[in-house]
Amino acid sequence: MAEIFTAIGLMSGTSMDGIDVAMLETDGEGMVVRRQNLSVSYDPAFRDRLKQGLEDAKAITKRDERPGSLAGLERDLTQRHAEAVRFFLRENNILPGDVDVVGFHGQTVLHRPDEALTVQIGDGALLAREIGIPVVYDMRANDMAHGGQGAPLVPVYHAALARNLDNPQWPVCFVNIGGISNLTCVGSDSAIVAFDSGPGNTLIDQWVETHAGIPFDQGGRIASEGRVLPALAERYLANPFFTDEKRRSLDRNDFRPPEGGDAELSDGARTLAFVTAAAIFRSAEHLDEMPKTFVICGGGRHNDTVMKDLMALAGRTGATLLTAEQAGFDGDAMEAEAWAYLAVRSLKGLPLTFPGTTGVEKPVTGGLVAGADAIFSCARH
Ligand SMILES: Nc1ncnc2c1ncn2[C@@H]1O[C@H](COP(=O)(O)OP(=O)(O)OP(=O)(O)O)[C@@H](O)[C@H]1O
Ligand SMILES: CC(=O)N[C@H]1[C@@H]2OC[C@@H](O2)[C@@H](O)[C@@H]1O[C@H](C)C(=O)O
């Protein structure tokens, strides 16, 4: 019988809005039972420190360098993750000994796939000591070492979820709209093709932060009052990222928000919401077959203007578009769940990425383990 692990995943994504915590029971393959989850927001001062961290990271040439504020930031980020785990355990009356492993993403501060350089700050050994649970971390590096883009890693989990769907129209495409968007297309034969699909919420977030002093456009309301500026939208959509033969993974800074003079507040937000949706469909043109079902996950699905545009674009292809919840999942917890699932796959030496997901030369596993002594005594059957 397959080993079943209880795993917690921790995600601090490119939006830098906070830490998502989610728990699963899984064998790292077809068996997935989703358990509790919660999110802990970063305060504005810590978000500012993370943003400074992205600036300081530009000086990194080797992935273990921590110039400027980064060493202190890595320590504090790790402590915040430890606190989030302790809070999660307390809230749900779970003991550390009930959890077999934690999958720790950390915070991406630099991602340059063309230079095979990706840096997630987060000290796995410190986290394992703090919470008393083994930790799997740094799961992107081995993919890059084997010629992969280092992202996206979530597709293998999307594929596991797709198997739980009730008689869907295939292919099914999971779209994750975080700071950056990515998609995973799963065929009826379980084959997966995945890639980053464009800027997600990051442009909208930066636009409304600069021009309205708020972290995101709640519900897409500001956008709903504006109109799409076609020339501005095309400036983004004409980026070679969409037409290049090769699918590339994105750094948060690969697409920059418009200049102040390019638009007024609501037209800018409206145009960027359209760009978010249209980018996904431009990228989807690289799939062999247009998906028949789209499942929308990630914080971007809370932006009604983005969702309206996605609906319209899906409608043109005759596809059905569902939110993660309509498909029976939790769209806010999915990435954290994925990191729990990936941690279990890592412990079992199973591949995390595939030629069809990151362009890696062959299926490869990944991740480093901290606090490993405990692992072999804790896997339950
Ligand atoms: N109520 C809401 N209305 C509009 N947008 C929202 C709402 N809630 C969240 N968002 C958007 O979702 C973002 C967070 O999404 P999510 O947590 O999926 O991203 P992430 O995991 O940080 O990014 P990535 O997947 O790129 O690593 C916020 O920055 C915001 O733009
Ligand atoms: C380098 C990095 O952190 N990339 C993130 C980012 O955020 C979304 C998109 O770009 C995605 O490819 C990836 O995260 C998700 C969780 C992934 O690896 O699947």
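Me: Which residues come closest to ligand 2, and how many surround it?
Reply: The count is 15, and Thr108, Arg140, Leu153, Val154 and Asp196 are the closest. A residue is near a molecule if one of its heavy atoms lies within 4 Å of it. This is a predicted model, where local features need pLDDT of at least 70, side-chain atom pairs need pLDDT 80 or more, and totals for chains, interfaces and linings use all residues. Residues are numbered from 1 along each chain as written, chains are lettered from A and ligands numbered from 1 in the order written, and side-chain values use heavy atoms, without hydrogens and water.

Me: What makes the pair between Arg140 and ligand 2 a polar contact?
Reply: A polar contact is a pair of N or O atoms within 3.5 Å; within protein, one must be able to donate a hydrogen and the other to accept it, and residues adjacent in sequence count only if both atoms are side-chain atoms. A side-chain N or O atom of Arg140 is 2.7 Å from an oxygen atom of ligand 2, so the pair qualifies. Val154 uses a backbone N or O atom, 2.9 Å from a ligand 2 oxygen. The protein covers 97% of the 430 Å² of accessible area that ligand 2 has on its own (Shrake-Rupley method, 1.4 Å probe; for residues, only the protein chains shown count as cover).

Me: Why is ligand 1 said to lie between domain 1 and domain 2?
Reply: Domain 1 (5-152 + 333-378) and domain 2 (166-323) both give residues to its shell, so ligand 1 lies between them. The bounds come from an automatic or database domain assignment.

Me: Which side-chain atoms make polar contacts with an oxygen atom of ligand 1?
Reply: Among them is an N or O atom of Thr14, at 2.4 Å. A polar atom of Glu335 lies 2.6 Å from a ligand 1 oxygen. Alone, ligand 1 exposes 650 Å², and the protein buries 87% of that.

Me: How do you know that Cys297 is in no disulfide?
Reply: A disulfide is a pair of cysteine sulfur atoms within 2.5 Å. The closest cysteine sulfur to that of Cys297 is in Cys173, 9.3 Å away, so it is too far for a bond. The structure holds zero disulfides. For Cys173, the nearest cysteine sulfur is that of Cys185, 5.2 Å away.

Me: Why is Cys173 called buried?
Reply: Buried means under 20% relative accessible area, exposed over 50%, partly exposed in between (1.4 Å probe, protein chains only). Cys173 has 0% relative accessibility, so it counts as buried. Cys297 is at 1%, and therefore counts as buried.
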